[in-house]
2 protein chains.
Amino acid sequence: MQSLSAYPQPSVTIDCVIFGYDGEKLSVLLLNRKEEPYAGMWTVPGGFLYLDETLEESADRILRTKTGLGSLYLEQLFTFGRPDRDPRGRVLSVTYYTLINPEHVELTTGKMANDVNWFPVSQLPALGFDHKDVLQTAIQRLQAKVTYQPVGFELLNPQFTISELQDLYECILNVRLDRRNFHKKITASGILKPTGQKRLGEKNRAPELFEFDRERYDALVKSGFQFKI
Amino acid sequence: MQSLSAYPQPSVTIDCVIFGYDGEKLSVLLLNRKEEPYAGMWTVPGGFLYLDETLEESADRILRTKTGLGSLYLEQLFTFGRPDRDPRGRVLSVTYYTLINPEHVELTTGKMANDVNWFPVSQLPALGFDHKDVLQTAIQRLQAKVTYQPVGFELLNPQFTISELQDLYECILNVRLDRRNFHKKITASGILKPTGQKRLGEKNRAPELFEFDRERYDALVKSGFQFKI
DNA sequence: GCAAAAGTGTTGTGTATACACCCATGT
DNA sequence: ACATGGGTGTATACACAACACTTTTGC
């Protein structure tokens, strides 16, 4: 590969905001840095881009190495590039984000970090670099997206109840929704597939279990469908 | 500035999609390249990022140098990073986009280009690099944005008629809208400031002239206002 | 007066909201 | 049987789409 060294060359990191939802609150996955700069502080998982990999391949490699997570569906968020955002020199950060269910994954602390942990978005620790801006941007994007697209199924079990879905939406959007209207709207949208099963063993009436009907959802999106909560 | 040379270093370009509207069709500003690679082909205006400037400063500098345009309000679009997207080596492209009124600006062909010209988005020439993807992404973003935010005033004269605004929307979205419903919706939104003047000299009834009420618009956006066409 | 586009109003239809009621389950 | 949350129905208000008529301007 040619070096193009006639032109200025910054370094580039890929940083990933991983949202998780445990049934109660929205959290993000953070790493405690072992090395300078910002040793001992928390940051979003990230690493340097190699020259022979795509941005997405890089994100996947970095997440596997540093958190043990792999094969996630990542969406590009924003590219941060303030000249002073990294004390080591000029480093751009191309950021990605995704949503996962923390109970479905196993975390591994890579050797570059002291610790990997979930933090509720309402109680974030002090963050290194400009990762406070990164997280703020990611939360705004997630909120904007959830109001017009039924994202968030990744955060629930494959089979879930309508109440669980409503809790998730209320949590992301930080609002209260009418239980009955939510029920009507979400079933009318046609993207929930009834399983015919119920969740037994709870204290109250057993709620019906649904699955996300991705085929039907993709078909609706193609035809210009817009979900509105 | 430290070099960080222990880490792989790609080059980074800033590329800008400039949309223009001449009252009839939506166009984009393209440069005819003088040098390899892709000499003689058309590309979106762009250039290499310097290490001491922000991404936005870089975009501004590049546009001034190559097109004569300056002080535009640019919005970040996407970062393209396929390893093979530039034959010279690994080059990331951080892209921006904006909307301007072609009649309000004067173009200068920088010495790096043979020519600078507007092309209707429906009749694009062969494009260098992956700029076909760049333009497609930009058009999608513009269409998505215009349906929930009243963008596009930058493309009109400071004073404009409701019909002119409707033509613009129909052009961007590629649909036909009911004249009377559009009139009601846009005036009810409160973001048009009546000037009390009319545009005389046309063949038919003189239409009222309006201005964009940016203060009121910003206030509405803050309070969670959503425009829907 | 005529043509052409601008401005205004009405009405029906569907969708969102704010409600109240019954049902099923575990204790 | 009772408490608790799950499922369903309905009346109202509101927004939107479809449509017809009047007004103003230049010729």
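Domain bounds, as used here, come from an automatic or database domain assignment. In this predicted model, that assignment divides chain A into domain 1, covering 4–146, and domain 2, covering 153–222. The points below take up chain A as a whole, then the contact between its two domains, then helix α4(A), and lastly the surroundings of DNA strand C, to which residues of chains A and B contribute.

**Chain A overall**

- Chain A holds 5 helices and 9 strands, and read from the N terminus its elements follow the order β-β-β-β-α-β-β-β-α-α-α-β-β-α.
- The C-alpha trace of chain A extends over about 65 × 40 × 25 Å along its principal axes, and 30% of the 229 residues in the chain count as buried.
- Among the contacts in chain A with a separation of 6 or more, 65% are made by residues that stand 24 or more positions apart.

**Contact between the domains of chain A**

- Between domain 1 of chain A and domain 2 of chain A, the C-alpha centres are 29 Å apart, and the contact draws on 9 residues from domain 1 and 9 residues from domain 2.
- On the side of domain 1 of chain A that touches domain 2 of chain A, the elements giving two or more residues are β6 (91–100) and α2 (131–146) of chain A, with the largest share, 3 residues, coming from α2(A).
- Sorted by class, this side of domain 1 of chain A comprises 6 nonpolar, 2 polar and 1 charged residues.

**Helix α4(A)**

- Helix α4(A) lies largely in the open, because the number of buried residues among its 10 is 0.
- After α4(A) comes A:Gly190, a residue whose phi is positive, near 80°.

**Surroundings of DNA strand C**

- DNA strand C is surrounded by 22 residues, and the closest of them are A:Arg205 and A:Ala206 from chain A together with B:Ser163, B:Pro207 and B:Glu208 from chain B.
- At least two residues of the surface near DNA strand C are supplied by each of three helices, namely α4 (179–188) of chain A, α3 (162–173) of chain B and α4 (179–188) of chain B.
- The largest share of this surface near DNA strand C, 3 residues, belongs to α4(A), the helix in which the number of buried residues is 0.
- In terms of class, the surface near DNA strand C has 11 charged, 7 polar and 4 nonpolar residues.

Terms used:
Residues numbered from 1 in each chain as written. Chains lettered and ligands numbered in written order. Predicted model: local features only at pLDDT ≥ 70, side-chain atom pairs only at ≥ 80, totals over all residues. Near = placed C-beta within 6 Å. Helix = DSSP H or I, 4+ residues; strand = E, 2+ residues; numbered from the N terminus. Nonpolar A, V, L, I, M, F, W, Y, C, P; charged D, E, K, R; others polar. Contact = placed C-beta atoms within 7 Å. Buried ≥ 20, exposed ≤ 12 C-beta atoms within 10 Å, placed from the backbone.
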